[in-house]
Each structure stands twice: as C-alpha cells, then as structure tokens.
Amino acid sequence: MGRNPDIAYLVLRLLAECGCISRRGFDMLHYHYVHVSIQLKKLVDMGAIQLSGKGVGKYYTLLVPGWKMLVELNPERYHDGVRPNRSILKRHPERSMRKGDVAAAFYLADYPVHPDCKPALAAAYQPD
C-alpha cells in the first residue's frame with residue numbers, strides 16, 4: 001500500500017463504514033493533504049476504490065478488491081453483514097456522499113458508525 005499504509009487503511013475503513021465520501025470529506029483527516037492524495041490515487045490505481053462524479057461532486061466508493069483487503073486485515077469486523085449496499089450508492093450518489101461525509105465526521109470524532117460498535121450503556125434497572 002505504499003509508504004503510509006495507515007492512511008490507506010483509514011481510507012478503506014472510512015469507505016467501508018460510511019459508504020462513499022467526497023474528496024472534501026478526506027480533508028478532515030489528520031494527515032497532510034498531499035499524503036492523503038497520494039494514497040487515494042494509489043488505491044484508485046490498484047482498483048480498491050473508485051472515483052466518480054465531477055467537480056465538487058467527486059466522491060470515492062469502495063470496490064470489491066478494497067473490501068477483500070479489509071477482510072484480510074480484520075475478518076471479524078468486516079464481514080458481509082456490514083458491507084456497503086452499492087445499489088443505494090448508485091441510485092442516490094449525492095445523498096450518499098453527504099451522508100458519508102457526516103458519518104466520516106462522526107467517525108473521526110470517535111463516535112461509533114460501524115454497526116458492531118456499541119456505545120457503553122449502564123445496566124438496565126430491573127425492579128424486584
């Protein structure tokens with residue numbers, strides 16, 4: 001994956017958990033713009049992710065090879081039950097892109113967006 005595999009892994013994780021993210025959404029990452037751009041281009045060239053749209057409507061989506069890379073790295077977290085629904089992304093790309101950007105912002109702020117991430121809840125009170 002190149003010189004910064006942690007950036008590539010973060011990009012793949014974000015796309016797996018958020019569906020699709022705009023190019024501007026990746027500017028929220030705590031890495032330098034140049035390093036993120038290089039990793040995005042490498043992942044597109046490898047066929048792991050896809051760039052679609054035009055102008056400010058450009059967005060990235062996860063492809064099957066990228067999903068397989070994630071499954072190899074962490075098969076317990078990334079299974080078929082949490083795989084993004086590509087048909088919904090294709091029907092409503094602009095809406096999916098906006099939802100993905102919001103989910104990415106939550107993800108980067110340490111709020112759970114993965115279906116298997118459960119918040120810590122206090123035990124429920126059960127009367128006698």
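# Report on a predicted helix-and-strand model

In this predicted model, the mean pLDDT of the protein is 77, and 73% of its residues reach 70 or more. Confidence is lowest in helix α4 (residues 86-91), where the mean is 60, and highest in helix α2 (residues 33-46), where it stands at 91. Where pLDDT is low, the predicted coordinates should not be read in detail.

## Overall composition

The protein contains five helices and three strands, and from the N terminus on its elements follow the order α-β-α-β-β-α-α-α. Of its 128 residues, 35% count as buried, while the accessible surface comes to about 8,100 Å², with 56% of that area belonging to carbon and sulfur atoms. Among contacts between residues at least 6 apart in sequence, 64% join residues at least 24 apart.

## The sheet

The three strands make an open sheet in the order β1-β3-β2, with antiparallel pairing. Its edge strands are β1 (20-22) and β2 (49-52), each of which pairs on one side only, and the twist from one strand to the next averages 25°. Helix α5 (residues 93-108) packs on this sheet, where it touches β1 and β3, and its direction makes about 85° with that of β1.

On one side of strand β3 (residues 59-62), the antiparallel pairing with β1 extends over three bridges; on the other pairing, four bridges join β2 to β3, and these two strands also run antiparallel. Strands of a sheet pair through backbone hydrogen bonds, either parallel or antiparallel. The residues that face each other across these pairings are set out below.

| Residue | Residue opposite, in β3 |
|---|---|
| Cys20 | Thr61 |
| Ser22 | Tyr59 |
| Gln50 | Thr61 |
| Ser52 | Tyr59 |

Thr61 is thus a partner of Cys20 and also stands opposite Gln50, and Tyr59 in turn faces Ser22 as well as Ser52. Along β3, Tyr59 and Thr61 point one way whereas Tyr60 and Leu62 point the other way, and all of these residues are buried. The connection between β2 and β3 is a hairpin with six residues between the strands, and in its turn Gly53 has a positive phi of about 85°.

## The nonpolar core

The largest nonpolar core has 26 residues, and those with the most contacts inside it are Val11, Leu12, Leu14, Leu15, Phe26, Ile49 and Leu62. At least two residues of this core come from each of α1 (5-18), α2, β3, α3 (64-73) and α5, and α1 gives the most, with nine residues.

Leu14, one of the residues with the most contacts inside the core, can be followed further through its surroundings. When its neighbours within four places in sequence are left aside, Leu14 is in contact with Gly19, Ile21, Phe26, Leu29, Ala104 and Tyr107. Among these partners, Phe26 is itself one of the residues with the most contacts inside the core. Leu62, which belongs to that list as well, points from β3 in the direction shared with Tyr60.

## Two partly exposed residues in helices

Pro65 has its place in helix α3, and because its relative accessibility is 40%, between the limits of 20% for buried and 50% for exposed, Pro65 counts as partly exposed. Apart from neighbours within four places in sequence, Pro65 is in contact with Gly47 and Ala48. Pro65 and Met46 are separated by 19 residues in sequence, yet their C-alpha atoms are 8.4 Å apart in space.

Val102 lies in helix α5, the helix that packs on the sheet, and with a relative accessibility of 47% Val102 likewise counts as partly exposed. Val102 and Cys18 are 84 residues apart in sequence, and the distance between them in space is 8.5 Å, C-alpha to C-alpha.

Terms used:
Residues are numbered from 1 along each chain as its sequence is written. This is a predicted model: local features need pLDDT of at least 70, side-chain atom pairs count only at pLDDT 80 or more; totals for chains, interfaces and linings use all residues. Side-chain values use heavy atoms; hydrogens and water are left out. pLDDT is the predictor's confidence in each residue, from 0 to 100. Two strands pair if DSSP finds at least two bridges between them. Axes are lines fitted to C-alpha atoms, for helices over the stretch in contact, and angles run from 0 to 180 degrees between N-to-C directions. Contact means heavy atoms within 4.5 Å. A nonpolar core is a set of buried Ala, Val, Leu, Ile, Met, Phe, Trp, Tyr and Cys residues joined through side-chain atoms within 4.5 Å. Buried means under 20% relative accessible area, exposed over 50%, partly exposed in between (1.4 Å probe, protein chains only). Accessible areas come from the Shrake-Rupley method with a 1.4 Å probe; for residues, only the protein chains shown count as cover.
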